[in-house]
Amino acid sequence: MKRVHLISGLIISLFTGLHLFNHMGSVFGAENHIELMDKLRLVYRNFIVETILLAAVLSQIVSGINLFFFKKNLVKGFYEKLQIWTGLYLAFFFLMHVGAVLIGRYFLELDTNFYFGAAGLNTFPLNLFFIPYYGLAILSFFGHIAAIHFQKKKNALFGLTVENQSRFILVIGIIVTIIIFYGLTNGFTTVEIPEAYKII
Ligand code: HEM
């Protein structure tokens with residue numbers, strides 16, 4: 001179960017790195033975000049890569065939930081707790097998020113681009129749900145990596161202790177979250193959402 005979780009986690013992390021980089025591109029405007037997504041889709045929006053990615057997401061959820069129930073009474077210390085709770089949130093987020101993207105694409109027949117991601121964040125009162133929903137997802141992604149790093153790496157790096165390296169990963173997560181929210185809300189103002197996306 002642990003090996004399945006590790007391999008699917010590495011595949012998802014590769015995609016998520018590109019995906020979050022794409023969202024950070026929104027600080028230069030919606031057009032920039034869409035242009036970059038069109039390029040990245042050449043890599044992941046094809047039958048082979050997307051099948052591998054969706055299989056990895058499914059394996060991650062199933063193995064993660066199993067590991068959560070196995071470990072939940074055994075964990076002690078901040079990073080062990082961080083690992084299982086961020087993992088549980090990511091399992092919930094993956095189900096909702098990938099489900100929403102597939103429904104958007106196949107049932108609502110929308111292009112699941114910048115406006116699909118930004119719609120909930122820029123519409124009151126939906127944003128009361130979407131701000132913590134997306135914020136916790138990005139923070140959980142970095143939190144999960146920071147927790148794994150803390151338990152696996154034993155050496156100091158660039159003069160940083162292992163604990164400080166993990167703290168550094170958490171700080172990067174906070175910065176990435178702020179940059180993405182800034183971009184997807186047009187600098188913390190509002191993005192005009194096209195009519196087709198208001199269905200969400
Ligand atoms: C502000 C945060 C986020 C927003 C607005 C967002 C938005 C989107 C959008 C619009 C798509 C569709 C992409 C496309 O059609 O090419 C997508 C797909 C996806 N996202 Fe996110 N995302 C966010 C964060 C995350 C995070 C943190 C993860 C993982 C930890 C994640 C994992 C995925 C996955 C696995 C897909 C499916 C890819 C596919 O099969 O096409 N997303 N997201």
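Two residues are in contact here if their C-beta atoms, placed from the backbone, lie within 7 Å. This is a predicted model, where local features need pLDDT of at least 70, side-chain atom pairs count only at pLDDT 80 or more, and totals for chains, interfaces and linings use all residues. Residue numbers start from 1 along each chain as its sequence is written.

**View 1. Phe-142 and its contacts.** Setting aside neighbours within four places in sequence, Phe-142 is in contact with Ile-169, Leu-170, Ile-172 and Gly-173.

**View 2. The largest nonpolar core.** Such a core is a set of buried Ala, Val, Leu, Ile, Met, Phe, Trp, Tyr and Cys residues joined through C-beta atoms within 7 Å; buried means 20 or more other C-beta atoms within 10 Å of a residue's own, exposed means 12 or fewer, and partly exposed is in between. This one has 20 residues, and Tyr-115, Ala-118, Ile-138, Phe-141, Phe-142 and Ala-146 touch the most other members. Helix 4, helix 5, helix 6 and helix 7 each chip in at least two residues, with helix 6 giving the largest share, 9 residues. Helices are DSSP runs (H or I, at least four residues), numbered from the N terminus.

**View 3. Helix 6 up close.** Its 26 residues reach 37 Å from first C-alpha to last, close to the 38 Å expected (1.5 Å times one less than the number of residues). Its buried residues, which include Tyr-134 and Ala-137, pack against helix 1, helix 4 and helix 7.

**View 4. Gly-77 in its loop.** Gly-77 sits between helix 3 and helix 4, and counts as exposed because it has 11 C-beta neighbours inside 10 Å.
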